Amino acid sequence: MHGLLFYGLYEQLTAQGDKVRSLKTAKADKADVDAAIQLLLKLKVDYKEVTGQDYKAGCPPSGTAVSNDRQSENGGEEDTVDPWNVATNSAKGVDYDKLIVRFGSSKIDQELVDRIEKVSGQKPHRFLRRGIFFSHRDMNQVLDAYEKQKSFYLYTGRGPSSQAMHVGHLIPFVFTKWLQDVFDIPLVIQLTDDEKYLWKDLSLEDCHRFAEENAKDIIACGFDVNKTFIFSDLDYMGSSPEFYRNVVKVQKHVTFNQVKGIFGFSDSDCIGKISFPAIQAAPAFSSSFPQIFKGRKDVQCLIPCAIDQDPYFRMTRDVAPRIGYPKPALLHSTFFPALQGAQTKMSASDANSSIFLTDTPKQIKNKVNKHAFSGGKDTIEEHREQGGNPDIDVAFMYLTFFMEDDEQLEKIRQDYTSGILLTGELKKMLIETLQPMITAHQENRKNVTDEMVKQFMTPRPLNFNF
Ligand code: TRP
């Protein structure tokens, strides 16, 4: 059935391409040509969303092709963005506008930010004001429904691959906490200890232990226990018949060819990996949590996540209507750059690339001073004369994530660009922003007891009437 669906779209696209060409040849009215092109573009976006592949004239979908996400169309110049790798050649980082086109998502533009402000009645979070959450799917639909008193819920997650979390890991949680506060909605957080067991050389017990340790850092972000359910897959899957039923439904409706296309699995990947995407899909359906949604299967889900998780949710959105559920909406964030530069994201496995949530003020200071890639000039004289480049400067990038005051940030950008502000001074500002932030996090985490973790992780009703 899926092959047919692909093929139907493919034929429609081919026909529309022919139409555009013939209109152009016939020198038809500009309005008619434009309308035909609009439809063509829309079909291409649909095609990409359904197949995970770019439409190519003359190449019908075989269902076996590897997604273009990992193939490069321009001789190795394309950014790599998938759940396992993030890499680009550009010091400015990944080209996110291109990624929106490649993934077929939509840009979070000023209009949408204004709308979120209007509907929530709150000043938009700095991550929205500064384009850190930059892409979405169906956010307007979520807001339309919310305005008509139709609520929704939030779903996000974390793969607990080690004890050590870094500041980059907090981005989706900090933003999710804000969404929960301003919209007053339930939140589920999936800890994929099963995923990490399947992908990494770790024991099941270690992965499960990391899930509980990571839960403490997540709870320390300030989530409301009455509105939040955190779960380990290893625990919840076995205890919730409804959750497992949804996993099986997804498994039945996605073929090996499709996951190969979306994730690039090969014949030698273990079968656990091949079926795992169904487990990350299931929390996007409200019926997976009967204790929260009282059996309702139609509550809309909104998923804030980093853009590398999008392949999972392209798949989820594709199966949803075929198993009778609404498609989850998405908000995508950019990556948190490594200290060494925005060519890649922070990695917990490289101590010098990251600021950890356990770092002392002294370690933070040393790492920033030693390792943060600078967009400044080599000598003070040169810097004063020519100025620095904030677009490739990691200290400046980090300040855009964490400094709350827009005007102060803008002043720093100008002063750095003009050469008034030196690299050492900029780094000092970052250090002084990070130190109290990390210390506060450590205090909050210390106050998270095992009892609290248990409370958050127990399946139970939340403070909402569904
Ligand atoms: N796969 C994600 C990771 O490795 C964890 C995850 C599960 C997740 N469900 C999610 C992330 C939903 C964002 C949203 O980190």
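Biologist: Why is E147 called partly exposed?

Modeller: In this predicted model, E147 has a relative accessible area of 37%, and since the partly exposed class lies between 20% and 50%, E147 is placed in that class.

Biologist: What makes K118 count as exposed?

Modeller: The relative accessibility of K118 is 65%, and exposed requires over 50%, so K118 counts as exposed.

Biologist: How do you know that K118 forms a salt bridge with E147?

Modeller: The closest N and O atoms of K118 and E147 are 3.9 Å apart, and the criterion asks for a side-chain nitrogen of Lys or Arg within 4 Å of a carboxyl oxygen of Asp or Glu, so the pair is counted as a salt bridge. The pair links distant parts of the chain, with K118 in helix α4 (residues 110–120) and E147 in helix α6 (residues 139–147), 29 residues apart. A search of the whole structure finds 29 salt bridges.

Biologist: What makes the side chains of E404 and R126 a salt bridge, and which parts of the chain does the pair tie together?

Modeller: The N to O distance for E404 and R126 is 2.9 Å, which meets the requirement of within 4 Å. E404 lies in the loop between α18 (394–402) and α19 (406–418), whereas R126 belongs to helix α5 (residues 126–129), so the salt bridge ties together parts that are 278 residues apart in sequence. The two partners fall into separate accessibility classes: E404, with a relative accessible area of 41%, is partly exposed, while R126, at 12%, counts as buried under the limit of 20%.

Biologist: Which residues are joined into one network by salt bridges that share partners?

Modeller: The network consists of R126, R129, R130, E404 and D406.

Biologist: How do you know that R314 and D310 are separated by about one helical turn?

Modeller: They are four residues apart in helix α15 (residues 310–319), and it is this spacing that places R314 and D310 about one helical turn from each other. Their side chains meet in a salt bridge with an N to O distance of 2.9 Å, and R314 and D310 are both buried.

Biologist: What makes the charged end of R314 sit over the ring of F103?

Modeller: The charged end of R314 is 4.6 Å from the centre of the F103 ring, which satisfies the distance limit of within 6 Å.

Biologist: Why are the rings of F175 and W178 called stacked?

Modeller: The structure holds 36 aromatic pairs. For F175 and W178 the centres are 5.9 Å apart and the planes stand at 20 degrees; the distance is within 6.5 Å and the angle is under 30 degrees, so the pair is stacked. F175 and W178 are three residues apart in helix α7 (residues 167–183), which separates them by about one helical turn, and both residues are buried.

Biologist: What makes the aromatic pair of F243 and F289 edge-to-face?

Modeller: The angle between their planes is 70 degrees, with 6.2 Å from centre to centre, and edge-to-face applies to planes over 60 degrees apart. This pair links distant parts of the chain: F243 is in helix α11 (residues 241–253) and F289 in the loop between α13 (271–281) and α14 (290–293), 46 residues apart. Both F243 and F289 are buried.

Biologist: Which residues form one aromatic cluster?

Modeller: The cluster is made up of F127, F133, F175, W178, F336, Y398, F401 and F402.

Biologist: How do you know that strand β7 is largely enclosed by the rest of the structure?

Modeller: Five of the five residues of β7 (residues 228–232) are buried, so the strand is largely enclosed by the rest of the structure. T228, I230 and S232 point one way from β7, and F229 and F231 point the other way. In a regular strand the side chains alternate between the two faces of the sheet.

Biologist: What makes β6 and β7 a pair of strands?

Modeller: Five bridges join strand β6 (residues 187–191) to β7, the two running parallel, and pairing needs at least two bridges. Among the partners, L191 is bridged to S232 in β7.

Biologist: Why does Y197 count as partly exposed?

Modeller: The relative accessibility of Y197 is 37%, which lies between the limits of 20% and 50%. Y197 is in helix α8 (residues 193–199), and together with L204 and L234 it forms a nonpolar patch on the surface, with about 240 Å² of accessible area together.

Terms used. Residues are numbered from 1 along each chain as its sequence is written. This is a predicted model: local features need pLDDT of at least 70, side-chain atom pairs count only at pLDDT 80 or more; totals for chains, interfaces and linings use all residues. Side-chain values use heavy atoms; hydrogens and water are left out. Buried means under 20% relative accessible area, exposed over 50%, partly exposed in between (1.4 Å probe, protein chains only). Rings of Phe, Tyr and Trp (its six-membered ring) pair if their centres lie within 6.5 Å; planes under 30 degrees apart count as stacked, over 60 as edge-to-face and the rest as tilted. A charge sits over a ring if NZ of Lys or CZ of Arg is within 6 Å of the ring centre and within 35 degrees of the ring normal. Patches are made of residues with over 30% relative accessible area and no salt bridge: like charges are joined within 9 Å, nonpolar side chains (Val, Leu, Ile, Met, Phe, Trp, Tyr) within 5 Å. Accessible areas come from the Shrake-Rupley method with a 1.4 Å probe; for residues, only the protein chains shown count as cover.
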